[in-house]
Amino acid sequence: MSKRLPLLAAFLACLALCPPSRAEEIQVMKSGKYYDKYDAYRVEDDFYLAAKDAAQIYGARVSYHGVSEKVLLSLQGAKVALRIGGSEALVGKRKVELPLKTLLRQNRALIPIAFFEGEAFSEVSGFDTQFNPKTRLLTVNLRSSAGPLRWFTYPDHTRIVLELKDGLAYKAEKRGVRTLDIGIPRGVIEWSEKVEIGDGVVDVIHLRQESKQARLSVVLTGEGARWSLREFEGPRRLVLDIVRPASAGPPPARAAAEPPEDALEKQAPALAAPEVHVSEAPPKKDAPPVKETPKAEPQASGKEETSARRKVRVAIDPGHGGRDSGAVGRRKTLEKDLNLQLAKDLARLLEEEEVFDVLLTRQADTFLPLSDRSKTANEWGADLFISMHCNAHRVRSENGYEIYFLSERASDPEAERLAEFENSVLSLEGEGAMEDEAAGLLYQLARNEYINDASELAALMAKTLARRVDLSNRGVKQASFYVLRGANAPAVLVEAGFLTNSKDETKLESKKYRRKIAEGLYAGILEFARRKDWLERKGGKR
Ligand SMILES: [Zn+2]
């Protein structure tokens, strides 16, 4: 009895002090391929990985020093030192605060998975790590240091932006008469990209991996174009501007925004009147329309408006939130979470641009009635209203994105079904919400003036998105979305992909992929603003 006493005491102490942990199987994907499955340990909502498993995944050596209770991971020269029960780690020469303390369970040193996801570990290991606690999927990819790549056509120049991790050097040189080459020694790209821009300034851009460097080649349309290469911080990025030669004429309206043919038929009253562009006396809508003084102080304002022309206000509405989770993916991904992330990605791109001001109707996982969303945007004086959503369908093979603008009649039964789903939150909003519907309907009759613009914006976004992502483009559709009805501005609703389709779900779960979607949508907004002549000549994305 007495011999067992210390053990028993330790056991009881542990019961009292250590929260229970249990093993849960996780899958590991490494460099895009299935790697193996492991037992992770879960304490409440936090996941831990055994040090020896982590060592195997990241190709490290592990050693455990019992006396000092130290765990040492040796990775390609760099060392990571952790102490059991400690809340700090030594990563290379850097002291890093751990998100959670390391634990010892069943003789295993357990390291919080959040530590592997951090920037410090990514730097020494050379791998980017992402863990999805809902799907139990740990994704480990070679850390990319160059990219993503963005490009934008402005009235007087074409801009190419490449993000670069700190510490990487680069060298730009002309190759032949029409090619600019930027070599990035030791640069690693996430994926290679070849894009035919064809805007009269740049023919093709090509980002690719070579054995010892990453290389960006820019093939110009004409010879002798003027260009400049600059560097900006936060995040670090190279900005290549190529001046549009006078001989090239204005940028082509390649991503032409004809509304779909059936839209023309069904929206005859709204769309039949052609917009006449008179250059001497530009129509009022060419400048951001001047709205009544906002009743509420806009959340996102506060920046000084330096130019005489006020900024273009874009309200982004992340669909659902709080007790309304929206669609649920096959791996339990929640639509409301993705909508918020997509909205934030899009907001970030718009905010980098001088000419745009952005408002998010919700910033966190909060419940917001449908009618409040457009009301908030209206009070702020939004010029554009963009509602972000992800789709769901009982047929799991359905995939791709769709962009909607408002109509009292749906363009097809599927569009009607979707509007019913997205409107169904009204039943969660309690008494009164349904009665508002009639008011919304009446209100909308006065809003038809925005339908032309909304259909153009939707078509532009669908086309620019198609050039950035390999989701299938299901096109522009119309349906009666409650959230769009009250908007006092051109309003569109983006269904970015199907959570019920496992390929779409995987893409939407990827941070990098969501950025691509945001860039595609952003390019559509930019093109719309260009057509409206809202872009100031000096403004420009960096
Ligand atoms: Zn939705």
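Helices here are DSSP runs of H or I with at least four residues, strands are runs of E with at least two, and both are numbered from the N terminus. This is a predicted model, so local features need pLDDT of at least 70, side-chain atom pairs count only at pLDDT 80 or more, and totals for chains, interfaces and linings use all residues. Residues are numbered from 1 along each chain as its sequence is written, and side-chain values use heavy atoms, with hydrogens and water left out.

**Stop 1: past H14**

Select Asp533, in the segment after H14. Its phi is near 60 degrees, a positive value in a residue other than glycine. Most residues other than glycine have a negative phi. At 46% relative accessibility, Asp533 counts as partly exposed (buried is under 20% relative accessible area, exposed over 50%, partly exposed in between, with a 1.4 Å probe and protein chains only).

Now add Phe528 and Trp534, both of them buried. Their ring centres are 5.8 Å apart and the planes sit at 85 degrees, so this pair is edge-to-face. For pairing, rings of Phe, Tyr and Trp (its six-membered ring) need centres within 6.5 Å; planes under 30 degrees apart count as stacked, over 60 as edge-to-face and the rest as tilted. The structure holds ten aromatic pairs. While you're in aromatic mode, pick Tyr58, Phe115, Phe116, Phe121 and Phe127, which form one cluster.

**Stop 2: the zinc site**

Show the zinc ion with His320 (NE2), Glu335 (OE), His389 (ND1) and Glu422, which appears with OE twice; these coordinate the ion at 2.1 to 2.3 Å. Donors are N, O and S atoms within 2.8 Å of the metal (3.2 Å for Na, K and Ca), and water is not among the atoms, so sites may look incomplete. Along the chain the donors are spaced H-x14-E-x53-H-x32-E. Glu335 in helix H7 (residues 335–351) and Glu422 in helix H9 (residues 413–423) link distant parts of the chain, 87 residues apart. Both Glu335 and Glu422 are buried.

Zoom in on His320, in the loop between strand E22 (312–318) and H7. At 4% relative accessibility, His320 counts as buried. Its phi is near 65 degrees, again positive in a residue other than glycine.

**Stop 3: two helices**

Colour H7 next. Twelve of its 17 residues are buried, so H7 is largely enclosed by the rest of the structure; among the buried ones are Leu338, Leu342, Asp345 and Leu349. The end C-alpha atoms of H7 are 24 Å apart, which agrees with the 24 Å that 17 residues should span at 1.5 Å a residue (the expected span is 1.5 Å times one less than the number of residues).

Then try H11 (residues 451–466): with 13 of its 16 residues buried, H11 is largely enclosed too.

**Stop 4: the largest cavity**

Where should you look for the largest cavity's lining? Select Ser144, Ala146, Gly147, Pro148, Leu149, Ile189, Glu190, Trp191, Glu193, Leu207, Lys512 and Lys516. Strand E13 (146–153) and helix H14 (511–531) are the elements giving two or more residues, and E13 supplies the largest share, four residues. The volume is about 110 Å³.

A cavity is a set of points, on a 1 Å grid over the protein atoms alone, where a 1.4 Å probe fits but cannot get out; lining residues have an atom within 4 Å of a point.

**Last stop: Gly92**

Finish at Gly92, in the loop between strand E7 (88–91) and strand E8 (94–97). Gly92 is partly exposed at 29% relative accessibility. Its C-alpha atom is separated by 8.9 Å from that of Gly77, 15 residues apart along the chain.

Technical notes. 1 Å grid on protein atoms, 1.4 Å probe; cavity = no way out; pocket = protein on both sides within 12 Å on 5 of 7 lines; lining within 4 Å. Points joined across faces, edges and corners; volume = space filled by probe spheres on them.
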